[in-house]
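Thank you all for coming; I would like to walk you through one model this morning, going slowly through how its pieces pack against one another. Please have the sequence and the structure open while I talk.

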Amino acid sequence: MPNHENVHFRPIVGIDLGTTNSAVAHIHNGKPEMILSPKGERIIPSVVLIDLKNNVIVGEDARSALVAMPDRSVSAIKRKMGLNEPVSIAGQALLPQEVSALILQELKSYVDAIYGEGEKEAVITVPAYFTDEQRRATKQAGELAGFVVERIINEPTAAALAFGLEHTDEDRLFLVYDLGGGTFDVSVVEMMSGLLEVRASTGNHRLGGEDFDWKLVDFLSEKIVEESDIDPRNDIRATALLKEEAEKIKMRLSKDFVVPVELPLVTVKDNEPVGISTEITREQFVGLIDGLLLETMESVSSVLKDAQISPADIEEVLLVGGSTRIPRVRELIQDMFAKSPRTDVNPDEAVALGAAVQAGLKSGALSDSGLVATDVAPFSMGISVLKEWMGLTKRPGGFAPIIPRNTTIPVTRTEKLGTSAPGQTEVAIEIFQGEHEWVKYNHRLGEFLLSGIPANFDKQEEIDVTFRYNLNGILEVSAKCVSTGKEMSVIVQDGLQRDSQKAFQESVQRLEDLWKNADQDLDDEELIDADWEEMEDLLDDTELDEFDIDNEQAPSVLHEEAVQLRERAVKMMAELDADGQSKARQVINSLDQAIAGDDLEHLRNVIDEATDALIDLEL
Ligand code: AMP
């Protein structure tokens, strides 16, 4: 293990913040490696407990207490990320990102044990289908835990990175099949001349190993109903016990063909213990879960269709997520692709290891690898327009995608629109994310009004609408009246960031209070009232104005983008001839000047020019 004296770059780690389990990894001796907990665990359950002394406990001990202290523990918080709904834990109201921050703080303590206390950078992964809100909540969780969140990347991209390092010379297509505890994600990833690109991605964030556990709980419960005429699922503790046993049985069935089940006490009937003594075969288990597994294979077909390829085009299938240890999963993959999937990276660790690879690319620890990672937009993003309906009339509410799903990012796209009525002087730009042709079925990201359009009764006024989507999944939308040059824009993250500054500080305070309260016995009732009232006020405030819209650009986002471009230009220098190097140097100089100045309009133009110049140099 390194200590921070002999590390020549800033500590930056990769984190898999999972629904069921979480893990952290770093680059050590040029290779991604897991960072272990003090107990030697490579992954920890994503479970938080506030014990009877108000100590915050995260991981295996918290998971063990789930049954005994359901009101004091929270699991699977990832499913709630991005929702403005507090969860209750030990009588306290915490937002999902605050609970996730507690998990990340635990992981940070393992990192601190190696590198020393203080700020650390992190790359954190999310499922490909996470919305902007979910990505922002994840970033915020990282910040609350004391990380500088360098980048949020898609889990399949991270997984491909974990498998990809040794294969930079060959061009190939991979399929990443990721079946974890609570999510399923499948992606086609292309490796071309060291450039790693996600071509297409889809998934189901409500499907995973937990569902298989519940199928087994139902199977065992029905046996108990048959034999003892009592349904253990009506008893919360019995259900929790069966769920825990079900997971153990499931895991054993990945190795054995038959597993005995001996549970003398599941519940109580007429003051008598009720239990179960039976066995379950792998075939029976497959019968219970096959419908769900076939659903995942339908997603596989659909992602191949999205990427416009057939199974034969896939060189390798990479298995990620603990549930891919189930032999039936491997069988189904083998049947579809006529080849065995690759299992040489531990499926529980691949995402964290890949995030560490991304972190290493960022820090320079892997600058010799020749690998560059790009990503895709997980949803189509566009605006509301008038749309022909049944070939008859034009109706409002049609969806016009400007950045289609699976477009490689970062990306800037402009669409030309026209005013729809004679003399029209303003246009409402409503921004949506989703795949449906009508916006009401998609997810609304925001709206702004471009006013001051000259009243034109002779012809349409032209409006350019530009979408810019960066590697952190942050969207900037601007609209410009072509005849006057007047422009307005909104940055989705920035609007929320400024609105939520107060909320962020409140979160920091709540987490500090949690630690302060440790080892004290508090009056739970008082806490409940105070916290819920405060939370309600806070949520009311946050909803008031979701977007702060003006002509000003958000400095943070533009600067971040400029700095990323500068880094890319610096990295490219080594590969370029003298002429190319001189061009790259010019790009770096103009970026430096624009970053140092305070003319944001100029900065944006320089970013556009630099992007074009670097793309030309890369080709
Ligand atoms: P992950 O989210 O990748 O950490 O995966 C966790 C899920 O994998 C949980 O639902 C585990 O029960 C499941 N899992 C772990 N090991 C096995 C195994 N040997 N067989 C079947 N499922 C497993």
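Let me begin with a pair of helices in this predicted model: the axes of helix H4, residues 155-164, and helix H9, residues 350-363, come within 7 Å and cross at roughly 80°. That crossing angle, since it falls in the range from 65 to 115 degrees, makes H4 roughly perpendicular to H9. On the H4 side the residues involved are Glu155, Ala158, Ala159, Leu161, Ala162 and Phe163, and they meet Ala350, Val351, Leu353, Gly354, Ala355, Val357, Gln358 and Leu361 in H9. Sorted by class, this contact of H4 with H9 comprises eleven nonpolar, two polar and one charged residues.

Now to the sheets, and to a small one to start with. Three strands, in the order E6-E5-E7, form an open sheet with antiparallel pairing, and its edge strands, each pairing on one side only, are E6 at 56-58 and E7 at 73-74. Strand E5, residues 48-50, pairs with E6 in the antiparallel sense over three bridges, and within that pairing isoleucine 50 has valine 56 in E6 as its bridge partner. Against this sheet packs helix H2, residues 96-115, which touches E5, E6 and E7 and whose direction makes about 70° with that of E6.

A second pairing takes us further along the chain. Strand E12, residues 172-179, and E13 pair in the antiparallel sense over eight bridges, and a hairpin of four residues joins E12 to E13; in this arrangement valine 176 stands opposite serine 187 in E13. How many of the nine residues of strand E13 are buried? Eight of them are, so E13, which spans residues 184-192, is largely enclosed by the rest of the structure.

That brings me to the nonpolar cores. The largest has 45 residues, and those with the most contacts inside it are Leu175, Tyr177, Val188 and Ile314; helix H7, residues 282-306, gives the most to this core, with eight residues. If we take leucine 175 and leave aside its neighbours within four places in sequence, its contacts include Val186, Ser187 and Val188, then Val300, Val303 and Leu304, and also Ile314, Glu316, Val317, Leu318 and Phe337. Apart from this core lies another, of 41 residues, with Ile35, Ile50, Ala145 and Ile152 among them; Ile50 is the residue we met earlier as the bridge partner of valine 56.

Notes
Residues numbered from 1 in each chain as written. Predicted model: local features only at pLDDT ≥ 70, side-chain atom pairs only at ≥ 80, totals over all residues. Heavy atoms only, no water. Axes fitted to C-alpha atoms, helices over the stretch in contact; angles between N-to-C directions. Helix = DSSP H or I, 4+ residues; strand = E, 2+ residues; numbered from the N terminus. Parallel < 35°, antiparallel > 145°, perpendicular 65-115°, else oblique. Contact = heavy atoms within 4.5 Å. Nonpolar A, V, L, I, M, F, W, Y, C, P; charged D, E, K, R; others polar. Pairing = 2+ DSSP bridges. Buried < 20%, exposed > 50% of the residue type's maximum accessible area, 1.4 Å probe, protein only. Core = buried A, V, L, I, M, F, W, Y, C linked by side-chain atoms within 4.5 Å.
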